[in-house]
Number of protein chains: 2
Amino acid sequence: MTITITAFEWSPDGGKGLARDTRVRWALEEVGQPYEVRPVSFAAMKESAHLALHPFGQIPTYEEGDLALFETGGIVLHIGERYGGLLPDDANARARAITWMFAAVNTVEPPILELVIAKLIEGDKPWRAERLPLVEDRIRGRLNQLSARLGDADWLDGAFSAGDLMMVSVLLRLRPSGILDEYPDIAAYVARGEARPAYKRAFDAQSALYNGKPPTG
Amino acid sequence: MTITITAFEWSPDGGKGLARDTRVRWALEEVGQPYEVRPVSFAAMKESAHLALHPFGQIPTYEEGDLALFETGGIVLHIGERYGGLLPDDANARARAITWMFAAVNTVEPPILELVIAKLIEGDKPWRAERLPLVEDRIRGRLNQLSARLGDADWLDGAFSAGDLMMVSVLLRLRPSGILDEYPDIAAYVARGEARPAYKRAFDAQSALYNGKPPTG
(Lines give C-alpha, C1' and ligand atoms only; values in the text may rest on other atoms or scores of the structure.)
Protein backbone atom coordinates (compact mmCIF):
# COMPACT_ATOMS: atom_id res chain seq x y z
CA MET A 1 0.00 0.00 0.00
CA THR A 2 1.36 3.39 -0.96
CA ILE A 3 2.29 5.64 1.95
CA THR A 4 1.81 9.36 1.29
CA ILE A 5 2.90 12.10 3.69
CA THR A 6 2.48 15.85 3.47
CA ALA A 7 5.23 18.44 3.89
CA PHE A 8 5.55 22.22 3.59
CA GLU A 9 5.51 23.41 -0.01
CA TRP A 10 7.99 26.05 1.10
CA SER A 11 10.15 25.37 4.15
CA PRO A 12 10.54 28.08 6.78
CA ASP A 13 13.96 26.66 7.71
CA GLY A 14 15.17 26.29 4.12
CA GLY A 15 15.41 22.52 4.37
CA LYS A 16 17.48 22.17 7.55
CA GLY A 17 15.35 19.29 8.78
CA LEU A 18 13.44 21.15 11.50
CA ALA A 19 9.99 20.75 9.91
CA ARG A 20 8.13 17.86 11.46
CA ASP A 21 7.87 15.76 8.31
CA THR A 22 11.55 14.94 8.87
CA ARG A 23 10.57 12.79 11.88
CA VAL A 24 8.18 10.76 9.77
CA ARG A 25 10.62 10.47 6.87
CA TRP A 26 13.27 9.27 9.35
CA ALA A 27 10.95 6.63 10.79
CA LEU A 28 10.03 5.38 7.31
CA GLU A 29 13.70 5.20 6.34
CA GLU A 30 14.52 3.25 9.52
CA VAL A 31 11.92 0.60 8.66
CA GLY A 32 12.75 0.65 4.95
CA GLN A 33 9.36 1.71 3.62
CA PRO A 34 9.11 3.88 0.49
CA TYR A 35 6.78 6.86 0.61
CA GLU A 36 5.47 9.68 -1.50
CA VAL A 37 5.40 13.33 -0.50
CA ARG A 38 2.61 15.76 -1.28
CA PRO A 39 3.70 19.36 -0.67
CA VAL A 40 1.02 21.62 0.84
CA SER A 41 1.00 25.42 0.70
CA PHE A 42 0.39 27.47 3.85
CA ALA A 43 -2.96 28.56 2.38
CA ALA A 44 -4.02 24.99 1.60
CA MET A 45 -3.11 23.87 5.15
CA LYS A 46 -6.03 25.94 6.45
CA GLU A 47 -8.55 24.70 3.88
CA SER A 48 -11.15 22.00 4.45
CA ALA A 49 -9.48 19.28 2.37
CA HIS A 50 -6.34 19.43 4.51
CA LEU A 51 -8.26 20.02 7.76
CA ALA A 52 -10.09 16.75 7.11
CA LEU A 53 -6.69 15.06 7.33
CA HIS A 54 -5.23 17.29 10.06
CA PRO A 55 -7.71 19.06 12.35
CA PHE A 56 -5.02 21.50 13.54
CA GLY A 57 -3.99 22.52 10.03
CA GLN A 58 -0.39 21.43 10.19
CA ILE A 59 1.98 19.02 8.50
CA PRO A 60 2.83 16.18 8.31
CA THR A 61 -0.11 13.89 7.66
CA TYR A 62 0.14 10.20 6.84
CA GLU A 63 -2.10 8.27 4.43
CA GLU A 64 -1.88 4.54 3.86
CA GLY A 65 -4.88 2.88 2.22
CA ASP A 66 -7.92 3.67 4.37
CA LEU A 67 -5.84 5.02 7.26
CA ALA A 68 -5.22 8.74 7.72
CA LEU A 69 -3.17 10.00 10.66
CA PHE A 70 -1.78 13.33 11.87
CA GLU A 71 0.56 14.22 14.77
CA THR A 72 4.13 12.98 14.43
CA GLY A 73 4.06 10.93 17.65
CA GLY A 74 1.02 8.98 16.49
CA ILE A 75 2.45 8.49 13.01
CA VAL A 76 5.88 7.34 14.19
CA LEU A 77 4.30 4.95 16.68
CA HIS A 78 2.07 3.51 13.96
CA ILE A 79 5.09 3.00 11.69
CA GLY A 80 6.91 1.33 14.58
CA GLU A 81 4.02 -1.00 15.31
CA ARG A 82 3.37 -1.91 11.69
CA TYR A 83 6.95 -2.42 10.52
CA GLY A 84 9.99 -3.78 12.32
CA GLY A 85 13.02 -1.80 13.43
CA LEU A 86 11.74 1.02 15.64
CA LEU A 87 10.27 -0.72 18.70
CA PRO A 88 11.73 -3.59 20.77
CA ASP A 89 10.02 -6.99 20.60
CA ASP A 90 10.06 -7.40 24.40
CA ALA A 91 6.78 -6.01 25.76
CA ASN A 92 8.33 -4.13 28.68
CA ALA A 93 11.12 -2.60 26.60
CA ARG A 94 8.49 -1.63 24.04
CA ALA A 95 6.39 0.14 26.68
CA ARG A 96 9.48 2.02 27.89
CA ALA A 97 10.38 3.10 24.35
CA ILE A 98 6.85 4.47 23.90
CA THR A 99 7.10 6.30 27.24
CA TRP A 100 10.24 8.02 25.92
CA MET A 101 8.29 9.07 22.82
CA PHE A 102 5.75 10.79 25.06
CA ALA A 103 8.51 12.25 27.24
CA ALA A 104 10.07 13.78 24.13
CA VAL A 105 6.90 15.55 23.00
CA ASN A 106 5.25 16.30 26.33
CA THR A 107 8.14 17.00 28.75
CA VAL A 108 11.18 18.03 26.69
CA GLU A 109 9.59 19.72 23.66
CA PRO A 110 7.20 22.25 25.30
CA PRO A 111 9.90 24.56 26.72
CA ILE A 112 11.87 24.24 23.45
CA LEU A 113 8.80 25.28 21.45
CA GLU A 114 8.22 28.10 23.92
CA LEU A 115 11.71 29.42 23.14
CA VAL A 116 10.86 29.45 19.43
CA ILE A 117 7.63 31.34 20.21
CA ALA A 118 9.46 33.76 22.53
CA LYS A 119 11.94 34.58 19.77
CA LEU A 120 9.65 34.63 16.74
CA ILE A 121 6.05 35.34 17.72
CA GLU A 122 6.85 37.48 20.78
CA GLY A 123 10.18 38.65 19.38
CA ASP A 124 9.04 42.27 19.10
CA LYS A 125 7.61 42.48 22.61
CA PRO A 126 9.21 44.70 25.26
CA TRP A 127 9.72 41.73 27.61
CA ARG A 128 11.78 39.72 25.13
CA ALA A 129 15.22 40.36 26.63
CA GLU A 130 14.19 39.79 30.24
CA ARG A 131 12.03 36.76 29.55
CA LEU A 132 14.26 34.75 27.21
CA PRO A 133 16.68 33.66 29.98
CA LEU A 134 13.72 32.33 32.01
CA VAL A 135 12.58 30.15 29.11
CA GLU A 136 16.14 29.01 28.45
CA ASP A 137 16.52 27.99 32.09
CA ARG A 138 13.37 25.88 31.84
CA ILE A 139 15.02 24.05 28.95
CA ARG A 140 18.27 23.64 30.92
CA GLY A 141 16.30 22.10 33.77
CA ARG A 142 15.04 19.39 31.43
CA LEU A 143 18.44 18.88 29.80
CA ASN A 144 20.14 18.46 33.19
CA GLN A 145 17.70 15.68 33.98
CA LEU A 146 18.00 14.10 30.57
CA SER A 147 21.78 14.19 30.80
CA ALA A 148 21.71 12.53 34.22
CA ARG A 149 19.55 9.72 32.87
CA LEU A 150 21.50 9.23 29.64
CA GLY A 151 24.83 8.88 31.47
CA ASP A 152 27.35 7.02 29.33
CA ALA A 153 24.73 5.23 27.25
CA ASP A 154 24.42 5.65 23.50
CA TRP A 155 20.62 5.63 23.58
CA LEU A 156 17.94 6.24 26.20
CA ASP A 157 17.03 2.60 26.90
CA GLY A 158 19.10 -0.14 25.26
CA ALA A 159 19.13 -0.16 21.47
CA PHE A 160 18.03 2.79 19.31
CA SER A 161 14.23 3.05 19.25
CA ALA A 162 11.37 5.33 18.26
CA GLY A 163 11.91 6.98 21.67
CA ASP A 164 15.36 8.11 20.57
CA LEU A 165 14.05 9.13 17.15
CA MET A 166 11.53 11.46 18.76
CA MET A 167 13.92 12.77 21.43
CA VAL A 168 16.72 13.53 18.96
CA SER A 169 14.20 15.23 16.64
CA VAL A 170 12.96 17.42 19.48
CA LEU A 171 16.49 18.30 20.64
CA LEU A 172 17.58 19.23 17.12
CA ARG A 173 15.30 22.26 17.35
CA LEU A 174 17.63 23.57 20.07
CA ARG A 175 20.72 23.75 17.92
CA PRO A 176 20.18 27.32 16.62
CA SER A 177 19.95 28.56 20.23
CA GLY A 178 23.43 27.33 21.21
CA ILE A 179 22.02 25.64 24.33
CA LEU A 180 22.80 22.19 22.93
CA ASP A 181 26.50 23.07 22.96
CA GLU A 182 26.33 23.55 26.75
CA TYR A 183 25.66 19.80 27.07
CA PRO A 184 28.39 17.87 25.23
CA ASP A 185 26.84 14.51 26.15
CA ILE A 186 23.43 15.48 24.78
CA ALA A 187 25.01 17.09 21.72
CA ALA A 188 26.84 13.79 21.11
CA TYR A 189 23.58 11.89 21.54
CA VAL A 190 21.92 14.11 18.93
CA ALA A 191 24.94 13.66 16.63
CA ARG A 192 24.60 9.87 16.93
CA GLY A 193 21.03 10.22 15.73
CA GLU A 194 22.03 12.42 12.82
CA ALA A 195 24.77 9.95 11.85
CA ARG A 196 22.30 7.14 11.24
CA PRO A 197 22.00 6.39 7.51
CA ALA A 198 18.20 6.52 7.77
CA TYR A 199 18.35 10.04 9.24
CA LYS A 200 20.72 11.18 6.50
CA ARG A 201 18.42 9.85 3.79
CA ALA A 202 15.44 11.57 5.42
CA PHE A 203 17.32 14.85 5.81
CA ASP A 204 18.57 14.80 2.23
CA ALA A 205 15.13 13.99 0.83
CA GLN A 206 13.44 16.87 2.64
CA SER A 207 16.29 19.23 1.82
CA ALA A 208 16.09 18.31 -1.86
CA LEU A 209 12.42 19.28 -1.93
CA TYR A 210 13.36 22.88 -1.19
CA ASN A 211 16.63 23.09 -3.06
CA GLY A 212 15.50 21.42 -6.25
CA LYS A 213 18.23 18.83 -6.06
CA PRO A 214 17.74 15.08 -5.99
CA PRO A 215 18.59 13.36 -2.68
CA THR A 216 22.25 12.53 -2.33
CA GLY A 217 21.87 9.88 0.38
CA MET B 1 0.55 -8.50 39.38
CA THR B 2 0.16 -5.54 41.70
CA ILE B 3 0.08 -2.16 40.00
CA THR B 4 1.56 0.70 42.04
CA ILE B 5 1.43 4.34 41.03
CA THR B 6 2.87 7.42 42.70
CA ALA B 7 0.99 10.62 43.51
CA PHE B 8 1.74 13.88 45.33
CA GLU B 9 1.90 13.45 49.10
CA TRP B 10 0.34 16.91 49.28
CA SER B 11 -1.73 18.14 46.36
CA PRO B 12 -1.21 21.68 45.04
CA ASP B 13 -4.82 21.78 43.86
CA GLY B 14 -6.30 20.37 47.05
CA GLY B 15 -7.57 17.22 45.33
CA LYS B 16 -9.47 18.77 42.41
CA GLY B 17 -8.15 16.16 40.01
CA LEU B 18 -5.65 18.34 38.14
CA ALA B 19 -2.56 16.39 39.23
CA ARG B 20 -1.50 13.97 36.54
CA ASP B 21 -2.03 10.79 38.55
CA THR B 22 -5.76 11.35 37.94
CA ARG B 23 -5.25 10.40 34.27
CA VAL B 24 -3.64 7.10 35.24
CA ARG B 25 -6.25 6.38 37.93
CA TRP B 26 -8.97 7.07 35.36
CA ALA B 27 -7.41 4.68 32.83
CA LEU B 28 -7.10 1.95 35.45
CA GLU B 29 -10.71 2.46 36.50
CA GLU B 30 -11.86 2.25 32.85
CA VAL B 31 -10.16 -1.14 32.42
CA GLY B 32 -11.17 -2.33 35.88
CA GLN B 33 -7.71 -2.92 37.32
CA PRO B 34 -7.05 -2.34 41.03
CA TYR B 35 -3.95 -0.36 41.98
CA GLU B 36 -2.02 0.88 44.96
CA VAL B 37 -0.88 4.44 45.50
CA ARG B 38 2.43 5.47 47.00
CA PRO B 39 2.45 9.17 47.96
CA VAL B 40 5.75 10.98 47.32
CA SER B 41 6.83 14.24 48.96
CA PHE B 42 8.19 17.10 46.86
CA ALA B 43 11.60 16.52 48.45
CA ALA B 44 11.57 12.80 47.67
CA MET B 45 10.60 13.49 44.03
CA LYS B 46 14.06 14.99 43.49
CA GLU B 47 15.95 12.16 45.20
CA SER B 48 17.71 9.32 43.43
CA ALA B 49 15.23 6.60 44.35
CA HIS B 50 12.39 8.46 42.64
CA LEU B 51 14.58 9.75 39.79
CA ALA B 52 15.37 6.11 38.97
CA LEU B 53 11.65 5.69 38.29
CA HIS B 54 11.05 9.13 36.78
CA PRO B 55 14.06 10.88 35.22
CA PHE B 56 12.26 14.24 35.27
CA GLY B 57 11.36 14.04 38.96
CA GLN B 58 7.59 14.15 38.61
CA ILE B 59 4.55 12.04 39.34
CA PRO B 60 2.91 9.73 38.41
CA THR B 61 5.05 6.65 37.91
CA TYR B 62 3.72 3.17 37.20
CA GLU B 63 5.16 -0.11 38.50
CA GLU B 64 3.87 -3.53 37.53
CA GLY B 65 6.18 -6.46 38.20
CA ASP B 66 9.45 -5.78 36.36
CA LEU B 67 8.00 -2.87 34.40
CA ALA B 68 8.48 0.74 35.49
CA LEU B 69 7.05 3.60 33.44
CA PHE B 70 6.75 7.36 33.74
CA GLU B 71 4.92 9.97 31.59
CA THR B 72 1.14 9.76 31.61
CA GLY B 73 0.81 9.24 27.86
CA GLY B 74 3.10 6.23 27.96
CA ILE B 75 1.39 4.81 31.03
CA VAL B 76 -2.15 5.24 29.69
CA LEU B 77 -1.17 3.71 26.35
CA HIS B 78 0.39 0.74 28.14
CA ILE B 79 -2.77 0.24 30.19
CA GLY B 80 -4.80 0.46 26.99
CA GLU B 81 -2.66 -2.11 25.21
CA ARG B 82 -2.51 -4.53 28.13
CA TYR B 83 -6.15 -4.42 29.21
CA GLY B 84 -9.34 -4.04 27.19
CA GLY B 85 -11.61 -1.00 27.16
CA LEU B 86 -9.45 1.97 26.18
CA LEU B 87 -8.36 1.26 22.61
CA PRO B 88 -10.44 0.00 19.65
CA ASP B 89 -9.76 -3.51 18.33
CA ASP B 90 -9.70 -2.35 14.72
CA ALA B 91 -6.08 -1.52 13.81
CA ASN B 92 -6.86 1.73 11.99
CA ALA B 93 -9.22 3.02 14.67
CA ARG B 94 -6.58 2.10 17.25
CA ALA B 95 -3.91 4.11 15.41
CA ARG B 96 -6.27 7.10 15.23
CA ALA B 97 -7.04 6.88 18.97
CA ILE B 98 -3.31 6.90 19.70
CA THR B 99 -2.83 9.89 17.41
CA TRP B 100 -5.43 11.76 19.49
CA MET B 101 -3.45 10.89 22.63
CA PHE B 102 -0.40 12.56 21.11
CA ALA B 103 -2.49 15.49 19.86
CA ALA B 104 -3.74 16.02 23.41
CA VAL B 105 -0.28 16.22 24.97
CA ASN B 106 1.71 17.75 22.11
CA THR B 107 -0.72 20.12 20.36
CA VAL B 108 -3.44 21.07 22.84
CA GLU B 109 -1.64 20.88 26.19
CA PRO B 110 1.46 23.05 25.55
CA PRO B 111 -0.39 26.40 25.35
CA ILE B 112 -2.55 25.37 28.33
CA LEU B 113 0.56 24.61 30.39
CA GLU B 114 2.05 27.89 29.23
CA LEU B 115 -0.95 29.70 30.68
CA VAL B 116 -0.36 28.01 34.03
CA ILE B 117 3.31 29.06 33.88
CA ALA B 118 2.37 32.61 32.85
CA LYS B 119 0.06 32.92 35.85
CA LEU B 120 2.09 31.10 38.49
CA ILE B 121 5.80 31.09 37.65
CA GLU B 122 5.80 34.41 35.78
CA GLY B 123 2.87 35.82 37.75
CA ASP B 124 4.96 38.54 39.39
CA LYS B 125 6.62 39.73 36.17
CA PRO B 126 5.84 43.17 34.73
CA TRP B 127 4.67 41.67 31.43
CA ARG B 128 1.97 39.50 33.00
CA ALA B 129 -1.05 41.63 32.10
CA GLU B 130 0.01 42.31 28.52
CA ARG B 131 1.19 38.77 27.79
CA LEU B 132 -1.68 36.71 29.26
CA PRO B 133 -4.12 37.55 26.42
CA LEU B 134 -1.54 36.38 23.87
CA VAL B 135 -1.23 32.99 25.57
CA GLU B 136 -5.00 32.74 25.94
CA ASP B 137 -5.43 33.42 22.22
CA ARG B 138 -3.03 30.59 21.42
CA ILE B 139 -5.30 28.31 23.42
CA ARG B 140 -8.40 29.65 21.66
CA GLY B 141 -6.77 28.90 18.31
CA ARG B 142 -6.49 25.24 19.30
CA LEU B 143 -9.98 25.10 20.79
CA ASN B 144 -11.52 26.57 17.64
CA GLN B 145 -9.92 23.78 15.63
CA LEU B 146 -10.87 21.12 18.15
CA SER B 147 -14.45 22.37 18.20
CA ALA B 148 -14.64 22.25 14.40
CA ARG B 149 -13.45 18.65 14.38
CA LEU B 150 -15.65 17.48 17.25
CA GLY B 151 -18.81 18.84 15.64
CA ASP B 152 -21.89 17.08 17.01
CA ALA B 153 -20.02 13.95 18.03
CA ASP B 154 -19.83 12.72 21.61
CA TRP B 155 -16.18 11.67 21.30
CA LEU B 156 -13.28 12.49 19.00
CA ASP B 157 -13.42 9.35 16.83
CA GLY B 158 -16.26 6.89 17.37
CA ALA B 159 -16.50 5.35 20.84
CA PHE B 160 -14.75 6.76 23.92
CA SER B 161 -11.05 5.88 23.84
CA ALA B 162 -7.73 6.67 25.49
CA GLY B 163 -7.56 9.61 23.07
CA ASP B 164 -10.62 11.15 24.72
CA LEU B 165 -9.29 10.29 28.18
CA MET B 166 -6.12 12.26 27.51
CA MET B 167 -7.88 15.14 25.72
CA VAL B 168 -10.49 15.61 28.45
CA SER B 169 -7.75 15.47 31.10
CA VAL B 170 -5.75 18.15 29.31
CA LEU B 171 -8.83 20.37 28.81
CA LEU B 172 -9.81 20.07 32.47
CA ARG B 173 -6.77 22.18 33.33
CA LEU B 174 -8.46 25.06 31.51
CA ARG B 175 -11.50 25.22 33.73
CA PRO B 176 -10.07 27.67 36.32
CA SER B 177 -9.27 30.12 33.49
CA GLY B 178 -12.88 30.42 32.34
CA ILE B 179 -11.83 29.79 28.71
CA LEU B 180 -13.63 26.45 28.66
CA ASP B 181 -16.92 28.29 29.20
CA GLU B 182 -16.40 30.17 25.94
CA TYR B 183 -16.80 26.85 24.10
CA PRO B 184 -20.07 25.20 25.16
CA ASP B 185 -19.47 22.20 22.88
CA ILE B 186 -16.01 21.53 24.32
CA ALA B 187 -17.26 22.15 27.86
CA ALA B 188 -19.99 19.56 27.21
CA TYR B 189 -17.36 17.13 25.86
CA VAL B 190 -15.31 17.57 29.04
CA ALA B 191 -18.45 17.11 31.14
CA ARG B 192 -19.19 13.83 29.32
CA GLY B 193 -15.75 12.63 30.34
CA GLU B 194 -16.27 13.69 33.95
CA ALA B 195 -19.64 11.92 34.01
CA ARG B 196 -18.10 8.53 33.30
CA PRO B 197 -18.26 6.30 36.39
CA ALA B 198 -14.57 5.44 35.98
CA TYR B 199 -13.62 9.14 36.06
CA LYS B 200 -15.73 9.71 39.16
CA ARG B 201 -14.07 6.81 40.97
CA ALA B 202 -10.63 8.13 39.99
CA PHE B 203 -11.50 11.66 41.06
CA ASP B 204 -12.91 10.56 44.39
CA ALA B 205 -9.93 8.31 45.14
CA GLN B 206 -7.38 11.07 44.53
CA SER B 207 -9.50 13.60 46.40
CA ALA B 208 -9.80 11.28 49.40
CA LEU B 209 -6.01 11.05 49.61
CA TYR B 210 -5.84 14.76 50.44
CA ASN B 211 -9.02 15.11 52.44
CA GLY B 212 -8.57 12.05 54.62
CA LYS B 213 -11.92 10.65 53.57
CA PRO B 214 -12.49 7.26 51.98
CA PRO B 215 -13.58 7.33 48.31
CA THR B 216 -17.30 7.76 47.87
CA GLY B 217 -17.52 6.42 44.28
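**Domain contacts and ring pairs**

Me: How many residues of domain 1 of chain A are in contact with domain 2 of chain A?

Reply: In this predicted model, 15 residues of domain 1 of chain A are in contact with 20 residues of domain 2 of chain A, where contact means heavy atoms within 4.5 Å. Domain 1 covers 3-85 + 198-210 and domain 2 covers 91-196, with bounds that come from an automatic or database domain assignment.

Me: What should I know about numbering and cut-offs?

Reply: Residues are numbered from 1 along each chain as its sequence is written, and chains are lettered from A and ligands numbered from 1 in the order in which they are written. Local features need pLDDT of at least 70, side-chain atom pairs count only at pLDDT 80 or more, and totals for chains, interfaces and linings use all residues, while side-chain values use heavy atoms, with hydrogens and water left out.

Me: And how much area do domain 1 and domain 2 of chain A bury between them?

Reply: About 1500 Å², with 63% of it on carbon and sulfur atoms; buried area here is the accessible area (1.4 Å probe) that two parts lose on being put together, summed over both.

Me: Which residues of domain 1 lose the most area?

Reply: A:Leu18, A:Arg23 and A:Trp26 do, and together they make up 39% of what the domain 1 side buries.

Me: Does A:Arg23 come up again? What do the side chains of A:Arg23 and A:Glu109 meet in?

Reply: They meet in a salt bridge at 2.7 Å, N to O, a salt bridge being a side-chain nitrogen of Lys or Arg within 4 Å of a carboxyl oxygen of Asp or Glu. The count between the two domains of chain A is 3 salt bridges.

Me: Switching to rings: how many aromatic pairs are there over all chains?

Reply: A search of the whole structure finds 21, counting rings of Phe, Tyr and Trp (its six-membered ring) whose centres lie within 6.5 Å, with planes under 30 degrees apart called stacked, over 60 edge-to-face and the rest tilted. One of them is the tilted pair of A:Phe8 and A:Phe42, at 5.2 Å centre to centre and 35° between the planes.

Me: Why does that pair tie together parts 34 residues apart in sequence?

Reply: Because A:Phe8 lies in strand E1 (residues 3-8) and A:Phe42 in helix H2 (residues 42-45) of chain A; helices (H or I, at least four residues) and strands (E, at least two) are DSSP runs, numbered from the N terminus.

Me: Which rings are in the cluster with A:Trp26?

Reply: Ring pairs link A:Trp26 with A:Trp155, A:Phe160, A:Tyr189, A:Tyr199 and A:Phe203.
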